[in-house]
Amino acid sequence: MPVARVTLLGLLVSCFIMMNACSQTSANHSSTGFYVGSTPCDSLIRSILKIPADQTCDFIKWELHLSHPDNFHLQAVYGASKPNTNGFINGTNITVTGNYTTRPDTTINSSATLYQLHSEKFLSPLLLIELDSSIMHFSDANKNLLVGNGGWGYVLNRSNE
Amino acid sequence: MKPFLLLLVAFVCLQTGHSLAQVKTTSDLIGVFDGRTPCKEFARLLNENLPANCIKIKWRLTLYKDKGSDTTGRYELIGFVYKNENPRVGTWRITKGSKANRNAIVYELKVAGDEPLYLLKLDNNILYFLDQDKRLFIGNKDFSYTLNRIKKRV
């Protein structure tokens, strides 16, 4: 009987540890929501999105939905910038769906989270580092933040629209 | 009277030139950072009227460090009400901690008679505007609140 009790207790403790681990993974998905932004179109992003080299891409407008448990839907538009507007002369649409994983990342701060977006339509995973609950920043595979230019940064902003 | 006025004007010109020269010669250049942000929050922050047609502000921040110091220096900021011919010029110091991260490195840009501005140092190349509570400003579909290092010789 004592052996059975110890075994039962052991099982309960194991279950608790596993459940706790699962809930922590889930807690990392704090940034489900809708994110928007405009970014430059440098070579790394071009290659991930498989934008043909002969197409003009001054910048990209992003709309990213992150939803539970781990799915994303991305709508992006790229093209030549239309002077004196925030739009394109002739934008090209990209639609991507896939899934994402998260893990803690200490590159920026001790409590940041790295989001990896996976899709067959990407050449490689798209990486975003959560700066706070409303702001994501694109990074490369080595977790270096992508440097923007005078026109745009590599940031996505939470939106309620 | 006229000679006195001329002398006065010359003195003021020399002083102005001297103070601007001080910014650029007694400090070491850290870098030049450019970016475009939405308007509204800065109008509120700086107690300025929001121009009706203002959809973005173009910024250029030039940071210099004091000799022998990595935590203080001078800066020149152009954008919004700070025009090319009349930039915001002041001193900065490094402070620690943003609302989201108590270890964050934050530049406090001070100037006489105006609110300080706060910029979070994300890394050596990217700065991010913070509000007065040191929270990250939230941008929109067109513009964010980052300043990115540009390759420009000053």
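In this predicted model, let's start with one pair of residues: B:Lys121 sits opposite B:Leu127, which belongs to strand S7 of chain B. From there we can look at the strands around that pair, then at where the two chains touch, and finally at how confident the predictor is about chain A.

**Strands S5, S6 and S7 of chain B**

- S6(B) and S7(B), the latter covering residues 126–130, run antiparallel and are joined by 4 bridges.
- Between S6(B) and S7(B) there are 4 residues, and the two strands make a hairpin.
- S6(B) also pairs with strand S5 (residues 105–110) of chain B, again antiparallel and with 4 bridges.
- One of the partners here is B:Leu119 in S6(B), which bridges to B:Tyr107.
- S5(B) and S6(B) make a hairpin too, this one with 6 residues in between, and B:Gly113 in its turn has a positive phi of about 80 degrees.
- Strand S6 of chain B spans residues 117–121, and 4 of its 5 residues are buried, so the rest of the structure largely encloses it.

**Where chain B meets chain A**

- The contact involves 22 residues from chain B and 23 from chain A.
- On chain B's side, strands S1 (27–37) and S8 (146–150) each chip in at least two residues.
- S8(B) gives the most to that side, with 4 residues.
- Sorted by type, chain B's side has 7 nonpolar, 9 polar and 6 charged residues.

**Confidence in chain A**

- The average pLDDT of chain A is 86, and 81% of its residues score at least 70.
- Watch out for residues 15–29 of chain A, though: pLDDT stays under 50 there, and the model has 4 contacts beyond four places in sequence for that stretch.

Methods. Residues are numbered from 1 along each chain as its sequence is written. Chains are lettered from A and ligands numbered from 1 in the order in which they are written. This is a predicted model: local features need pLDDT of at least 70, side-chain atom pairs count only at pLDDT 80 or more; totals for chains, interfaces and linings use all residues. Two residues are in contact if their C-beta atoms, placed from the backbone, lie within 7 Å. Ala, Val, Leu, Ile, Met, Phe, Trp, Tyr, Cys and Pro count as nonpolar, Asp, Glu, Lys and Arg as charged, and the others, Gly among them, as polar. pLDDT is the predictor's confidence in each residue, from 0 to 100. A residue is buried if 20 or more other C-beta atoms lie within 10 Å of its own, exposed if 12 or fewer, and partly exposed in between; C-beta atoms are placed from the backbone. Two strands pair if DSSP finds at least two bridges between them.
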